[in-house]
Amino acid sequence: EAMRHGAQYDVILMDVQMPEMDGLTCARKIRTELPEPQCSTPIIALTAKSDKEELAQCLDFGMNECMLKPFNSHLLVKRLLAYVS
């Protein structure tokens, strides 16, 4: 909702399982309903499921990549830095 009102972020960490709107739907809305530059914000999915179908869905719905929980904090920092540097 903040992005609809002009907020901009360097990277979005998106949990796939959320209470009101799942992360897949949210990512698709960001990609299709928001203007530039918000719609191009990198999205890293966070999920506890390791099945290949869900990982593929994350990419299909517009997320840039997916990390499995629990994740290595050093790897997360490395991935975040790749988008902001």
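Visitor: In which helix is Ala-56 found?
Guide: This is a predicted model, in which local features need pLDDT of at least 70, side-chain atom pairs count only at pLDDT 80 or more, and totals for chains, interfaces and linings use all residues. Residues are numbered from 1 along each chain as its sequence is written, and side-chain values use heavy atoms, with hydrogens and water left out. Helices (H or I, at least four residues) and strands (E, at least two) are DSSP runs numbered from the N terminus. On that numbering, Ala-56 is found in helix 2.

Visitor: Does Ala-56 count as buried, partly exposed or exposed, and which is it at 35% relative accessibility?
Guide: Buried means under 20% relative accessible area, exposed means over 50%, and partly exposed lies in between (1.4 Å probe, protein chains only). Ala-56 has 35% relative accessibility, so it counts as partly exposed.

Visitor: What distance separates the C-alpha atoms of Ala-56 and Cys-66?
Guide: Along the chain, these two are 10 residues apart. In space, their C-alpha atoms are separated by 9.0 Å.

Visitor: What pattern does the chain follow when read along the sequence?
Guide: The secondary structure comes to 3 helices and 3 strands. Along the sequence, the pattern is β-α-β-α-β-α.

Visitor: In what order do the 3 strands stand in the open sheet?
Guide: Two strands pair if DSSP finds at least two bridges between them. The pairing in this open sheet is parallel, and the strand order is 1-2-3.

Visitor: Which strands stand at the edges of the sheet?
Guide: An edge strand here has a single partner strand, so one side of it is left without a neighbour in the sheet. The two in that position are strand 1 (12-15) and strand 3 (65-68).

Visitor: By how many degrees are neighbouring strands of this sheet turned against each other on average?
Guide: Axes are lines fitted to C-alpha atoms, for helices over the stretch in contact, and angles run from 0 to 180 degrees between N-to-C directions. For neighbouring strands of this sheet the direction is ignored, and the average turn is 30 degrees.

Visitor: Which residue is the bridge partner of Ile-12 in strand 2?
Guide: Strand 1 and strand 2 pair in the parallel sense over 4 bridges. One of the residue pairs is Asp-15 with Leu-46. For Ile-12, the partner is Ile-43.

Visitor: What is the handedness of the crossover from strand 1 to strand 2?
Guide: A crossover is right-handed if, with the strands pointing away from the viewer, the path from the first strand over the helix to the second runs clockwise. The chain passes from strand 1 through helix 1 to strand 2, and this β-α-β crossover is right-handed.

Visitor: Which residue of strand 3 is the bridge partner of Ala-45?
Guide: Strand 2 (residues 43-47) runs parallel to strand 3 and is joined to it by 4 bridges. Thr-47 has Leu-68 as its partner in strand 3. The partner of Ala-45 is Cys-66.

Visitor: Which strands does helix 1 touch?
Guide: Contact means heavy atoms within 4.5 Å. Helix 1 (residues 23-33) packs on the sheet, and its direction makes about 145 degrees with that of strand 1. The strands touched by helix 1 are strand 1 and strand 2.

Visitor: At about what angle does helix 3 run to strand 3?
Guide: Helix 3 (residues 73-84) lies across strand 1, strand 2 and strand 3. To strand 3, helix 3 runs at about 165 degrees.

Visitor: How many residues of strand 2 are buried?
Guide: On one side of strand 2, Ile-43, Ala-45 and Thr-47 are buried, and on the other side Ile-44 and Leu-46 are too. The buried count for strand 2 is therefore 5 of 5.

Visitor: Which side chains of strand 1 point to the buried face?
Guide: The side chains of strand 1 alternate, with Leu-13 and Asp-15 pointing to one face and not buried. Pointing to the other face, and buried, are Ile-12 and Met-14.

Visitor: What relative accessibility does Thr-41 have?
Guide: Thr-41 is found in the loop between helix 1 and strand 2. Leaving aside neighbours within four places in sequence, its contacts include Met-3, Tyr-9 and Asn-64. Thr-41 counts as buried, because its relative accessibility is 5%.
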